[in-house]
Amino acid sequence: MRTHELYLAGEWRDAAETTVVRSPYDGRPVAEVARGGWAELDEAADAAARAAGAMAAMPAFERARVLSRATHLIKEHLAELAAAISEEAGKPIALARAEAERCLDTFIEATRIARRPEVEALDLGGYASGAGRLALIRRAPVGPVLAITPFNFPLNLVAHKLAPAVAAGCPVVLKPASQTPGPALLLAAALDQAGLPKGALSVIPSSGADAERLAADERIAKLTFTGSMAVGWRLKELGWRRRVTLELGGNAAVIVEPDAGDLDAIARRIAGAAYGYAGQSCIAVQRVLAHEGIYAGLRRALEEATRLLVTGDPADETVVCGPLIDAANADRVEQWIADGVAAGGRLLAGGQREGSVIRPALIEEVPHRCAIVSDEVFGPAAVLDPYEDFAQALNLVNDSRYGLQAGVFTRDTSKIQEAWLKLEVGGIIHNDVPTWRSDPMPYGGVKGSGVGREGPEWAYREMTEERTLVIRR
């Protein structure tokens, strides 16, 4: 069992309270973690405020050097990081390794951005008011950042907040998810060894209530949060005077057109995206919309692909769908499946439960008022529906309070352009599932799915602000 101190302003510390993290799969203890409270968060915020000036003055090449060194340290410890993800989050080990590899990409991209300090020149001479003047605009860090991260990507989503902050020159106070603090603390160790200035980072496992208190604190210049819609919007209200980035999940849809191609291959792709890691991803496929002309064929292929997925122990190399994060969420997903069937849906595959593992469930024609369609299931369940034409499919995707990503399988370029214009989502993935993401791209949603964008370059922009110098000839 691993043990972790908390990381406060560049120092490793014990705390009066510790938490035992247990495996979501079998309940065995996997880590013992020091747990901070308001006193530790308050001290971390003070340290971040004191470090803001030094971080802002730190030359870009030095920030890049820290990120580059951290990248090499992460690469040396990929196996340890993957094991921590799998044990604490219950993520299948193959997917945990993939997350650790993606963390490398996030740091590599942030290093590139840090090496490219941005100055824009604007000749104002085209207007009488600007005659003889040249504006130079550079980006300056906004100041201390409060980052709050979820359990489901406990390494790479932490990296998406920490790496751009270092590139921008912003100190960070990070509150990781209580179930999965280990990967964040291991990442802090890498940045510490890489030479990050003392005070520039604190990683404090703590209660949500204490972190919420800090969200309204004047010492914090920016809040970045990934998690539930209810908590995210409450934090935005608390932090209304500061910059806020929220990534709040979704109920992602995929459209399959008649010209999509190999239905068996598409079905396998959809099944992996719907049920991998027990569907515990903001962009897991939840709604499958198939044109009526290929509906029967896709249903058959999807039923087969769903039944073939291996479930169980996340330490097993063959497992794709492991446990839900806890019993309460397993209870909820099991109930939503039952409610969808009771309302008239037809269970095509799965739905059986053993402990915290639920077999991937595929249900067709569930009424749209049911939670398993209208809300974020965050579990191994997907619904299948037919549609008559592409316009109807687009309307069905938009019939949601969420808007994170959507996938569209079609070879018709005019239809993918129409989707790009009309779908109310942050990202549209052509000929693939909405679950696909490359770490350098802008990522975020609209409507209930949040505000702002992640991806190192876009996070860097949201952690900096324009500062203009006007030169007079």
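Start by selecting Arg22 and Pro29: Pro29, in strand S5, is the bridge partner of Arg22. Helices (H or I, at least four residues) and strands (E, at least two) are DSSP runs, numbered from the N terminus. The model is predicted, so local features need pLDDT of at least 70 and side-chain atom pairs count only at pLDDT 80 or more, while totals for chains, interfaces and linings use all residues. Residues are numbered from 1 along each chain as its sequence is written, and side-chain values use heavy atoms, with hydrogens and water left out.

**Around S5**

Widen the selection to strand S4 (residues 17-22) and S5, which pair in the antiparallel sense over 6 bridges; two strands pair if DSSP finds at least two bridges between them. The two form a hairpin with 6 residues between them. In the turn, select Gly27, which has a positive phi of about 80°.

Next, add strand S1 (residues 2-4). S1 runs parallel to S5 and is joined to S5 by 3 bridges. His4 has Val33 of S5 as its bridge partner. Colour S5 (residues 29-35) by accessibility: 5 of its 7 residues are buried, where buried means under 20% relative accessible area, exposed over 50%, and partly exposed in between (1.4 Å probe, protein chains only).

**A residue in H1**

Select Ala54 in helix H1 (residues 38-57). Is Ala54 buried or exposed? Ala54 is exposed, with a relative accessible area of 52%. Draw a line from Ala54 to Arg346: the C-alpha atoms are 61 Å apart in space, and the residues are 292 apart in sequence.

**The sheet of 3 strands**

Select S6, S7 and S23, which in that order make an open sheet with antiparallel pairing. Strand S6 (119-123) and strand S23 (464-472) are at the edges; each has a single partner strand, so one side of each has no neighbour in the sheet. Neighbouring strands here are turned by 25° against each other on average, direction ignored. Strand S7 (residues 133-141) and S23 run antiparallel and are joined by 9 bridges. To see one pair, select Ala140, which stands opposite Glu465 in S23.

**The sheet of 7 strands**

Select S15, S18, S19, S14, S13, S20 and S21, listed in the order of an open sheet with mixed pairing. The edge strands are S15 and strand S21 (427-430), each pairing on one side only. On average, neighbouring strands of this sheet are turned by 25° against each other, direction ignored. S15 and S18 run antiparallel and are joined by 3 bridges; the bridge partner of Ala349 in S18 is Leu362.

Now show helix H9 (residues 263-275), which packs on the sheet and touches strand S13 (253-256), strand S14 (287-291), S18, S19 and strand S20 (405-409). Contact means heavy atoms within 4.5 Å. The direction of H9 makes about 175° with that of S13; axes are lines fitted to C-alpha atoms, for helices over the stretch in contact, and angles run from 0 to 180 degrees between N-to-C directions.

**Helix H11**

Finish at helix H11 (residues 327-342). Which residues of H11 are buried? They are Ala330, Val333, Trp336, Ile337 and Gly340. These residues lie on the same side of H11, because they cover an arc of only 125° around the axis, the arc being that of the directions from the helix axis to the C-beta atoms. The face turned away from the buried side carries the exposed residues Ala328 and Ala342. Among the elements covering the buried residues of H11 are strand S15 (346-349) and helix H12 (371-374). After H11 comes Gly344, with a positive phi near 125°.
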